[in-house]
Structure formats: structure tokens, C-alpha cells
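Please take a moment to look over the sequence and the model before reading on. The paragraphs below begin with one term and then go from the chain as a whole to single residues.

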Amino acid sequence: MTRLINDSELKELPRILPGWQVQDGKIKRTWHFNDFSEAFAFMVRVAMAAEQLGHHPDWSNSWNKVSIELVCHDLGGISDLDVNLAKQINQICP
């Protein structure tokens with residue numbers, strides 16, 4: 001069952017999720033690639049991981065840049081599912 005993470009877990013996020021920031025009640029990260037094709041390939045791999053978890057990011061793409069925001073809209077905050085997806089995304093592109 002998906003649950004919101006608590007305050008002590010929230011404080012640990014920068015350590016366990018390198019590159020991610022906690023901002024505005026979400027976890028966020030931006031990547032820059034060499035070109036649009038690399039950025040889009042990354043998005044496809046993230047989409048496959050998100051589908052497997054049944055949890056989908058808020059994201060944007062502009063040419064070689066991909067920005068991702070994770071939050072559990074249903075629960076109104078950052079959940080353990082967001083953390084799990086962020087960990088998987090970090091494995092796709094550290």
C-alpha cells in the first residue's frame with residue numbers, strides 16, 4: 001500500500017536520491033542530454049519503469065532537457081512510490 005513519507009524520511013531524500021531536490025512538496029530533477037534523441041530515449045525508458053510501477057511522473061521535455069517532478073496527487077504529497085520511481089530513474093540515468 002502506498003503511503004506518504006514522514007518528515008525524517010523527507011530529510012534523508014537528498015542522501016538516498018542523488019541529484020533530486022525537494023521543492024514545493026515534490027521531488028524534482030532535470031537532466032541535459034547531447035540532443036533530442038538521447039532525451040527522448042531516456043523518456044521512453046522512464047515511461048516503461050513508470051508503467052511497471054503504475055505511477056507516472058509530471059515531466060517536460062525541451063530539445064535536450066528533461067525535467068521530472070514526482071508527487072502522489074492522490075495522497076497529496078511525496079510517497080514511497082515516488083521515492084521508488086526516483087531510485088529507478090537514477091538507475092536509468094545517474
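A residue is called buried when its relative accessible area is under 20%, exposed when that area is over 50%, and partly exposed in between, with a 1.4 Å probe and protein chains only. By this measure Leu17 is buried, with a relative accessible area of 0%, and we shall return to Leu17 after a look at the whole chain.

The model is a predicted one, in which local features need pLDDT of at least 70 and side-chain atom pairs count only at pLDDT 80 or more, whereas totals for chains, interfaces and linings use all residues. Residues are numbered from 1 along each chain as its sequence is written, and side-chain values use heavy atoms, with hydrogens and water left out.

The chain contains three helices and four strands, where helices (H or I, at least four residues) and strands (E, at least two) are DSSP runs numbered from the N terminus. If you follow the chain from the N terminus on, these elements come in the order α-β-β-α-β-β-α.

How does the radius of gyration of the chain agree with that of a compact globule of 94 residues, and what is its value? The chain has 13 Å, which agrees with the value near 12 Å that a compact globule with 94 residues would have; here the radius is taken over C-alpha atoms, and the globule rule is 2.2 Å times the number of residues to the power 0.38. Taken along the principal axes, the box that the C-alpha atoms fill is roughly 40 × 25 × 20 Å.

Of the 94 residues, 37% count as buried. The accessible surface of the chain comes to about 5,700 Å², and 51% of this belongs to carbon and sulfur atoms; such areas come from the Shrake-Rupley method with a 1.4 Å probe, and for residues only the protein chains shown count as cover. A contact means heavy atoms within 4.5 Å, and among contacts between residues at least 6 apart in sequence, 66% join residues at least 24 apart.

Leu17 can now be placed in this picture, for it is found in the loop between helix 1 (7–16) and strand 1. Leaving aside neighbours within four places in sequence, Leu17 is in contact with Ile27, Val83, Ala86, Lys87 and Asn90. With Asn90 there is a separation of 73 residues along the chain, yet the C-alpha atoms of Leu17 and Asn90 are separated by 7.7 Å. Val44, which has its place in helix 2 (residues 36–53), offers another pair to look at: Val44 and Asn34 are 10 residues apart in sequence and 16 Å apart in space, C-alpha to C-alpha. Val44 counts as partly exposed, at 40% relative accessibility.

Charged side chains come next. The chain has 9 positive and 12 negative side chains, and the centres of the two sets lie 5 Å apart; Lys and Arg count as positive and Asp and Glu as negative, while His and the chain ends are not counted, and the place of a charge is taken as NZ of Lys, CZ of Arg, CG of Asp or CD of Glu. A salt bridge is a side-chain nitrogen of Lys or Arg within 4 Å of a carboxyl oxygen of Asp or Glu, and by this rule the count comes to five. One of them joins the side chains of Arg3 and Glu9, at 2.6 Å from N to O; Arg3 is partly exposed at 39%, and Glu9 is partly exposed at 26%.

Which residues are linked with Glu69 in a network of salt bridges? They are Asp24, Lys26 and Lys28. Between Glu69 and Lys26 the closest N and O atoms are 3.2 Å apart. Glu69 lies in strand 4 (residues 65–70) and Lys26 in strand 2 (residues 26–32), so this pair ties together parts that are 43 residues apart in sequence. Glu69 also meets Lys28 in a salt bridge, at 3.4 Å from N to O, and this pair again links distant parts of the chain, strand 4 and strand 2, with the two positions 41 residues apart in sequence. Lys28 is buried, with a relative accessible area of 16%, whereas Lys26 is partly exposed at 22%.

Asp24, a member of that network, sits in the loop between strand 1 (21–23) and strand 2 and is exposed, at 66%. Most residues other than glycine have a negative phi. Asp24, however, has a positive phi of about 55 degrees although it is not a glycine. Trp63 also has a positive phi, near 50 degrees; this residue is found in the loop between strand 3 (58–62) and strand 4, and it is exposed, with a relative accessible area of 52%.
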